[in-house]
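Open the model in your viewer and colour it by secondary structure. The tour below gives one selection at a time and says what is there.

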Amino acid sequence: MGTAIDVRRAHKAAQATTRALDARPGGGLDVAALGFADMNAIVAGFEHLVKADGGDMSPKNKSSLLSMWFRVLDWGRLTERLDGIRLLCPAL
């Protein structure tokens with residue numbers, strides 16, 4: 001990550017993740033309680049993203065944002081800033 005565009009996309013991916021977790025029991029607030037089902041809910045949330053105007057977002061853009069979310073997870077793990085998030089995707 002580095003450019004302003006990357007930061008904007010990371011923010012948009014984090015917003016999509018937050019919306020997906022908000023719909024889960026507990027709202028995703030307890031990182032220690034997050035698990036595989038929560039990651040499935042996050043991925044499903046990306047599948048249903050729409051553009052700001054409410055129109056359909058292209059599958060390429062959805063995939064790109066999901067990829068950015070995984071980059072955020074990788075960055076967080078490598079910098080030890082998101083240690084608790086490992087529970088969402090233990091392979092990272």
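From the N terminus on, the elements run α-α-α. The chain has 3 helices and 0 strands, where helices (H or I, at least four residues) and strands (E, at least two) are DSSP runs numbered from the N terminus. This is a predicted model, in which local features need pLDDT of at least 70 and side-chain atom pairs count only at pLDDT 80 or more, while totals for chains, interfaces and linings use all residues. Residues are numbered from 1 along each chain as its sequence is written, and side-chain values use heavy atoms, with hydrogens and water left out.

**Stop 1: the whole chain**

Select everything and show the surface. The accessible surface comes to about 5900 Å², and 57% of that belongs to carbon and sulfur atoms; such areas come from the Shrake-Rupley method with a 1.4 Å probe, and for residues only the protein chains shown count as cover. Of the 92 residues in the chain, 32% are buried. Buried means under 20% relative accessible area, exposed means over 50%, and partly exposed lies in between (1.4 Å probe, protein chains only). Among contacts (heavy atoms within 4.5 Å) with a separation of 6 or more, 55% are between residues 24 or more positions apart.

**Stop 2: helix α1**

Select residues 4–22, which form helix α1. Its 19 residues reach 27 Å from the first C-alpha to the last, close to the 27 Å expected at 1.5 Å a residue; the expected span is 1.5 Å times one less than the number of residues. Now pick out Asp6, Ala10, Ala13, Ala16, Thr17, Ala20 and Leu21, which are buried in α1. Seen down the axis of α1, these buried residues fall within an arc of 135°, so they line one face of the helix. The arc is that of the directions from the helix axis to the C-beta atoms. An α-helix has 3.6 residues a turn, so residues three or four places apart point the same way.

Which exposed residues sit on the face of α1 turned away from its buried side? They are Ile5, Val7, Arg8 and Asp22. To see what covers the buried residues of α1, add α2 (36–47) and α3 (59–78), which are included in that cover.

**Stop 3: helix α2**

Keep α2 and hide the rest. This helix has 12 residues and reaches 17 Å from its first C-alpha to its last, close to the 16 Å expected at 1.5 Å a residue. Its buried residues are Asp38, Met39, Ala41, Ile42 and Phe46. Looking down the axis of α2, you find them within an arc of 155°, so they line one face of the helix. Bring back the other helices: the buried residues of α2 pack against α1 and α3.

**Stop 4: the loop to α3**

Select Ser58, which is found in the loop between α2 and α3. Ser58 counts as partly exposed, at 32% relative accessibility. Draw a distance from its C-alpha to that of Glu47: the two are 11 residues apart in sequence and 9.9 Å apart in space.

**Stop 5: helix α3**

Next select α3, with 20 residues and a reach of 29 Å from first C-alpha to last, close to the 28 Å expected at 1.5 Å a residue. Lys62, Leu65, Leu66, Met68, Trp69, Val72, Leu73 and Gly76 are buried in α3. They cover an arc of only 150° around the axis, which puts them on the same side of α3. On the other side, Pro59, Lys60 and Leu78 are exposed. The buried residues of α3 pack against α1 and α2. After α3 comes Glu80, whose phi is positive, near 60°.

**Stop 6: Gly28 and Thr18**

Go back to the loop between α1 and α2 and select Gly28. Is Gly28 buried or exposed? Gly28 is buried, with a relative accessible area of 18%. Leaving aside neighbours within four places in sequence, Gly28 is in contact with Leu21 and Leu34. Its C-alpha lies 7.9 Å from that of Asp38, 10 residues apart in sequence.

Add Thr18, which is in helix α1. At 42% relative accessibility, Thr18 counts as partly exposed. The C-alpha atoms of Thr18 and Gly28 are separated by 7.9 Å.
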